[in-house]
Amino acid sequence: MKTPFACLLAATTFLTSPAPLMSPVHADDPATPAPFYADKTNLLTWQDDQGQSHPITSPDQWQTRRRHILQNMELVTGPLPTPDRAVPLDVQVLETERLPTLTRQKITYAATADYRVPAYLLIPHEHARPLPAVVCLHGTGGPRGRTAGLGPDYPRYTLELAERGYVTIAPDYTLLGDNQVEPASVGFDSGAMMGIWSHRRAVDLLAGMAEVDADRIGCIGVSLGGHNTLFLGVFEPRIKALVTSSGFDSFFDYKDGNLTGWCQTRYMPRIETVYGKDPHKMPFDFPEVLAAIAPRPLYIHAPLDDSNFKVASVRRCVAAVKPVYGLWRAEDHLIATYPPGKHGFPPDQREKAYQFLDRILRP
């Protein structure tokens, strides 16, 4: 059931009907565990249960390898919840502020029966409906309000995209900002999977709005939000275009292979407890994450002087993924930029990313 924006302004709740049915995802199948791929850059092969490798020459054959990627990701993050955990969203509007070109609302929504996600929802005023929409995922230094234009200066893509004519939603990530629910207390094995689920529910919220064209939803993020954009894209087929800024490199290259930073509760503790922080033992890596998004349009901003994620590693990841996009003859859907700059998402680079989203979501 679509709910018009006027109802948001007039009430303290938004969607009270059941949440939209989420698209099916190839997730973990305990009966057929995925094989371990030692070379995660050799993407145009799949392994059978005897350990024999087979070439991939078509999109249909790719689906087997893609399923293995998702299964191996879930070994680290824990399983994606089943659709029955998607309770009604029950959006609570806490504050409403009318700005010259848009309305900004502070809200919470029910991710499961056990926890709610704080977010900002921004809706433009004078644009033809239905509008495209973008899920905006923040970095560690800027919980949702800063991307929405509140607080000290920060990449304000939630606000800027709304000013450009997109409905935008900016949820607080697991254990950051006002989202302080421990993942294990609500049935998640990692903060990463809790984030994926919370962000999928944000897609549900957008898709249920009368103002939004559910076929034109994208995602954008910097740093933490950069790799969470990729994670959401892997598990959420309704995301039609993705922008990741300063968000990843290979586990082998991250801090020269020291994966301690990835082992926090809000990320993936199993990297330490199960895989000993050893990149060689990891069931998945970022070339596979990127490949699992193919052939959807993906824009990568990787600054040359990023101290968190090595640009040479990003280049290697992108080179490994290009042949996968080639299965669909969609090489032009994979765009990687390597401008001067440090870790971050400066205004000139955001503008280029917005133009990319415009081409895909506002043709």
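Modeller: Let's start with a cut-off: a residue counts as buried when its relative accessible area is under 20%, and as exposed when that area is over 50%. Please keep in mind that we are looking at a predicted model.

Biologist: Thanks! Is H301 buried or exposed?
Modeller: H301 sits in strand 10, residues 298–301. Buried calls for a relative accessible area under 20%. H301 has a relative accessibility of 2%, so H301 is buried.

Biologist: Which residues is H301 in contact with, leaving aside its neighbours within four places in sequence?
Modeller: The strand that holds H301 is strand 10. With those sequence neighbours set aside, the contacts of H301 are T244, S245, S246, T337, P339, G344, F345, P346 and Q349.

Biologist: And S313, which residues is that one in contact with beyond four places in sequence?
Modeller: S313 belongs to helix 9, residues 311–326. Its relative accessible area is 0%, so S313 is buried. Beyond its close sequence neighbours, S313 touches D249, S250 and D253.

Biologist: Let's turn to helix packing. What word describes how helix 2 lies to helix 8?
Modeller: Helix 2 covers residues 59–77 and helix 8 covers residues 286–293; their axes are 10 Å apart, at an angle of about 130°. An angle over 145 degrees would be roughly antiparallel, and 65 to 115 would be roughly perpendicular. The angle here falls in neither range, which makes helix 2 to helix 8 oblique.

Biologist: How many charged residues does the contact of helix 2 with helix 8 have?
Modeller: On the helix 2 side are W62, R65, R66, I69, L70 and M73, and they meet E288, V289, A291 and A292 of helix 8. By class, that contact has 7 nonpolar residues, no polar ones, and a charged count of 3.

Biologist: Which hand does the crossing of helix 2 and helix 6 have?
Modeller: Helix 6 spans residues 224–235, and its axis comes within 11 Å of the helix 2 axis, crossing at roughly 125°. The two helices are therefore oblique to each other. As for the hand of this crossing, it is left-handed.

Biologist: Which residues of helix 6 make that contact with helix 2?
Modeller: Helix 2 brings R66, L70, M73 and E74 to the contact. Counted by class, the contact has 5 nonpolar, 1 polar and 2 charged residues. The helix 6 residues are F231, G233, V234 and F235.

Biologist: Now the backbone. What is omega for the bond that joins R129 and P130?
Modeller: Most peptide bonds are trans. The bond between R129 and P130 is cis instead, and P130 lies in the loop between strand 5 and strand 6. Its omega is about -5°.

Biologist: Where does the proline of the cis bond from A294 to P295 lie?
Modeller: Omega of this cis bond is near 5°. P295 is found in the loop between helix 8 and strand 10.

Biologist: What is the phi of R329?
Modeller: Most residues other than glycine have a negative phi. R329 is in the loop between helix 9 and strand 11, and its relative accessible area of 76% makes it exposed. R329 is not a glycine, yet its phi is positive, at about 55°.

Biologist: Finally, over which residues does pLDDT stay under 50?
Modeller: The protein chain averages a pLDDT of 91, and 90% of the residues score at least 70. The stretch with pLDDT under 50 has 65 contacts beyond four places in sequence in the model, and it is residues 4–28.

Terms used
Residues numbered from 1 in each chain as written. Predicted model: local features only at pLDDT ≥ 70, side-chain atom pairs only at ≥ 80, totals over all residues. Heavy atoms only, no water. Axes fitted to C-alpha atoms, helices over the stretch in contact; angles between N-to-C directions. Helix = DSSP H or I, 4+ residues; strand = E, 2+ residues; numbered from the N terminus. Parallel < 35°, antiparallel > 145°, perpendicular 65-115°, else oblique. Contact = heavy atoms within 4.5 Å. Nonpolar A, V, L, I, M, F, W, Y, C, P; charged D, E, K, R; others polar. Buried < 20%, exposed > 50% of the residue type's maximum accessible area, 1.4 Å probe, protein only. pLDDT = per-residue confidence, 0-100. Left-handed = near helix turned anticlockwise from the far one by under 90°.
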